[in-house]
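Colleague: Please take a close look at a single part of this chain, beginning with one residue in its closing stretch, and then follow the description outward in one connected account.

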Amino acid sequence: VITVGSGKRSWKKHHVVMRDMVMYLLKPSEDVPKEGSFKVILLHHSLAQVARLYKKKPFVFSLKTADWSEYLFSTS
């Protein structure tokens with residue numbers, strides 16, 4: 001389980017599945033994901049790095065995608 005921050009930095013827990021160059025963010029309460037109930041992030045030409053300037057949570061890294069979207073991930 002990983003915590004993901006979105007636009008307003010509201011952190012939500014997700015299960016993460018990576019297959020090829022695609023990351024799927026699934027809600028932890030779902031055993032079998034339903035159509036449209038998960039987020040797909042394309043990783044091709046993406047950059048992940050430690051979010052050193054983000055101090056509110058420990059162990060945070062950012063993911064910037066090819067379409068200029070940015071996600072923050074927090075893990076243990």
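Modeller: Ser-74 is buried, because its relative accessible area is 9%, under the 20% at which burial is cut off. What follows rests on a predicted model. Ser-74 belongs to strand β7, and a polar atom of its side chain lies 3.4 Å from the backbone oxygen of Pro-58.

The strand that holds Ser-74 is part of a chain with seven strands and zero helices, so that the pattern read along the sequence is β-β-β-β-β-β-β. Of the 76 residues, 30% count as buried, and the accessible surface of the chain comes to about 5,900 Å², with 56% of this area belonging to carbon and sulfur atoms. Among the contacts in the chain with a separation of 6 or more, 21% join residues that are 24 or more positions apart.

Strand β7 also leads to the interior. The largest nonpolar core has eight residues, namely Val-4, Met-23, Leu-25, Ile-41, Leu-43, Leu-63, Tyr-71 and Phe-73. The elements that give two or more residues to this core are β3, which spans residues 22-26, and β7.

Going back along the chain from β7, which covers residues 70-74, one enters the loop that joins it to β6, itself made of residues 60-64. Thr-65 lies in this loop and is buried, with a relative accessible area of 9%. The side chain of Thr-65 makes a polar contact with the side chain of Asp-67, at 2.4 Å. When its neighbours within four places in sequence are left aside, Thr-65 is in contact with Ile-41, Leu-42, His-45, Ser-46 and Tyr-71; of these partners, Ile-41 and Tyr-71 are also listed in the nonpolar core.

Trp-68 is placed in this loop between β6 and β7 as well, but Trp-68 counts as exposed, because its relative accessibility is 79%, over the 50% that exposure requires. The backbone of Trp-68 has a positive phi of about 70°, although the residue is not a glycine.

Lys-64 lies in strand β6 and counts as partly exposed, at 35% relative accessibility. If residues up to four places away in sequence are not counted, Lys-64 touches His-45, Ser-46, Leu-47, Gln-49, Ser-69 and Glu-70, and thus His-45 and Ser-46 appear among the contacts of Lys-64 and also among those of Thr-65. The C-alpha atoms of Lys-64 and Leu-43, which are 21 residues apart along the chain, are separated by 8.9 Å.

On the other side of β6 in sequence lies the loop between β5 and β6, where Phe-59 is placed. Phe-59 has a phi near 55°, a positive value in a residue other than glycine, and it counts as exposed, at 58% relative accessibility.

This β5-β6 loop brings the account to the aromatic residues, of which three pairs are counted. In one of them, Trp-11 and Tyr-54 are tilted with respect to each other, with 5.8 Å from centre to centre and 55° between the planes. Because Trp-11 lies in strand β2 (residues 11-19) and Tyr-54 in the loop between β5 (47-50) and β6, the pair ties together parts that are 43 residues apart in sequence. Trp-11 is partly exposed, with a relative accessible area of 22%, whereas Tyr-54 is buried, at 17%. Another of the pairs is edge-to-face: Tyr-24 and Phe-38 have their centres 6.0 Å apart, with 65° between the planes. Since Tyr-24 lies in strand β3 and Phe-38 in strand β4 (residues 38-42), this pair ties together parts that are 14 residues apart in sequence. Tyr-24 counts as partly exposed, at 27% relative accessibility, and Phe-38 is partly exposed too, with a relative accessible area of 29%.

Trp-11 has a further partner, since Lys-57 lies over the face of Trp-11, at 5.1 Å from the ring centre. Strand β2, which holds Trp-11, is also the place of Val-16. Val-16 counts as partly exposed, at 33% relative accessibility, and the C-alpha atoms of Val-16 and Phe-38, 22 residues apart along the chain, are separated by 9.9 Å.

Terms used. Residues numbered from 1 in each chain as written. Predicted model: local features only at pLDDT ≥ 70, side-chain atom pairs only at ≥ 80, totals over all residues. Heavy atoms only, no water. Helix = DSSP H or I, 4+ residues; strand = E, 2+ residues; numbered from the N terminus. Buried < 20%, exposed > 50% of the residue type's maximum accessible area, 1.4 Å probe, protein only. Polar contact = N/O pair within 3.5 Å; in protein donor to acceptor, adjacent residues only side chain to side chain. Contact = heavy atoms within 4.5 Å. Core = buried A, V, L, I, M, F, W, Y, C linked by side-chain atoms within 4.5 Å. Phe/Tyr/Trp six-rings, centres within 6.5 Å; stacked < 30°, edge-to-face > 60°. Lys NZ or Arg CZ within 6 Å of the ring centre and 35° of its normal. Areas by Shrake-Rupley, 256 points an atom, 1.4 Å probe, with all protein chains shown as cover.
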